[in-house]
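Me: Please take a close look at one charged part of the surface. Which residues form it, and what is the rest of the chain like?

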Amino acid sequence: MTQTVPIPNGLPTDRDAGPFDPPTGFTRLRESRPVCPLVFPDGHEGWLVTGYDEVRQVLADTRFSSRLDLDIIHVPYPTPGMPEQTEPSPQMPGLFISMDPPDHTRLRRRLTGAFTVKRMKQLEEHINDIAERHLDQMARLTPPVDLVKEFALPVPSLVICELLGVPYEDRETFQHNAARFMVKDIELEEKIAVVGALTGYLAELVTRKRAEPGEDILSDLARQDDLSIEELTGIAFLLLLAGHETTANMLGLGTFALLEHPAQMAELRANPELVQGAVEELLRYLSVADVFYRYATEDVEVGGETIPKGSTVVVSLLSANRDPRRFDEPDELDVHRNARGHMAFGHGVHQCLGQQLARLEMRAGFAGLLRRFPDLRLAVPADEVRLRTDMNIYGVHELPVTW
């Protein structure tokens with residue numbers, strides 16, 4: 001008998017099990033039926049995929065499209081690049097996260113040289129210096145301070161601005177617009193205005209770089225005449241947004257998680273060599289970029305279920321990364337765990353291009369915090385920490401800390 005999950009008020013995304021755990025609705029579905037039919041509020045039938053193997057298959061199978069212009073993509077709330085809609089979205093030039101091969105391949109290939117492991121390794125010392133400078137600044141403040149404002153957000157923001165060639169003095173404007181863009185229930189008119197403000201700013205920037213290129217990634221791209229200004233703008237939009245939002249939220253939420261697991265934090269302080277593995281475990285455990293959407297371009301069998309052509313498919317990376325079929329005691333944070341194979345950066349052709357950069361930033365950030373602030377602790381009760389349940393990238397709005 002087919003089990004159908006009605007979701008009249010959207011996906012079961014309430015963090016009712018705790019600030020670091022998947023929604024219990026996702027967990028129950030993963031245990032009972034990891035590939036499960038569901039009904040969206042408008043009556044459209046789709047599928048929710050929550051199991052590790054099943055999510056990995058969907059993300060690796062190019063028959064599940066990332067494009068928004070094929071048909072109506074039915075979503076219960078807007079997500080980055082995918083507002084709730086009643087008609088197909090036009091393709092945004094350059095936004096290769098919402099493209100399929102060969103268009104996706106053509107644009108992503110332009111950037112692979114900029115984000116190689118070797119090139120990121122060459123940046124490691126500079127990233128460490130940036131983290132240390134912000135820790136110096138934070139140490140001069142009188143606690144309590146907001147860790148997000150003083151450290152978690154500015155470190156990746158400065159790094160990505162330097163890499164792309166975006167003036168750091170413009171950060172307040174683009175960070176404000178980026179934050180508004182990430183709000184789940186933002187009105188469509190406001191989202192259009194926010195996108196317009198961001199793309200307008202970036203279009204002017206890449207136009208200047210085409211005329212007078214510098215030593216940065218956007219200038220390198222602007223030198224390639226076969227890329228249009230519209231494509232350059234879309235690429236810049238994606239890299240700027242992704243380059244600071246996810247890492248900033250991992251630093252903020254990851255610090256919160258460590259503070260709430262003092263034994264794990266003590267392990268890292270006593271054994272700094274564990275930080276690299278702990279970053280992978282925190283990525284698995286928290287998976288701040290959780291829910292993604294695909295569109296079935298033909299009938300595909302996943303986990304013993306046939307997903308019909310035309311279906312909207314929702315995948316949960318956090319639920320997959322907590323699957324006991326893949327990880328032992330998955331709901332425990334364990335800095336000694338080998339979290340290899342987690343999908344916090346996605347999987348398949350859309351796997352995060354900047355994952356090595358994010359890893360370097362997190363290693364520098366967590367190692368520096370643990371070393372410089374041995375008495376770091378929350379300045380408010382844990383249940384008063386404001387969670388980003390209203391945003392499409394999860395995390396904390398503020399993290400008041402003292403020492």
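Reply: The patch comes first, then the whole chain, then one further residue.

This is a predicted model, where local features need pLDDT of at least 70, side-chain atom pairs need 80 or more, and totals for chains, interfaces and linings use all residues. Numbering starts from 1 along each chain as its sequence is written, and side-chain values use heavy atoms, without hydrogens or water.

Start with D185, E187, E189 and D390. Together they form a negative surface patch (residues with over 30% relative accessible area and no salt bridge, like charges joined within 9 Å, nonpolar side chains within 5 Å). Asp and Glu count as negative.

Now zoom in on E187. This patch member is found in a loop. On one side of that loop is α7, residues 171–181. On the other is α8, residues 188–211. E187 has 54% relative accessibility, so it counts as exposed (over 50%; buried is under 20%, partly exposed in between, with a 1.4 Å probe).

Step back to the whole protein chain. It has 14 helices and 11 strands (DSSP runs of at least four and at least two residues). Its radius of gyration is 21 Å, close to the 22 Å that the globule rule gives for 403 residues, so the chain is as compact as a globular protein of that length (C-alpha atoms; the rule is 2.2 Å times the number of residues to the power 0.38). Along the principal axes, the C-alpha atoms fill a box of roughly 60 × 55 × 40 Å. Of the 403 residues, 55% are buried.

Last, take E132. It is found in helix α4, residues 117–139. With a relative accessible area of 23%, E132 is partly exposed. E132 and L240 are 108 residues apart along the chain, and their C-alpha atoms are separated by 22 Å.

Terms used
Areas by Shrake-Rupley, 256 points an atom, 1.4 Å probe, with all protein chains shown as cover. Salt bridge = Lys/Arg side-chain N within 4 Å of Asp/Glu carboxyl O. Charge placed at Lys NZ, Arg CZ, Asp CG, Glu CD.
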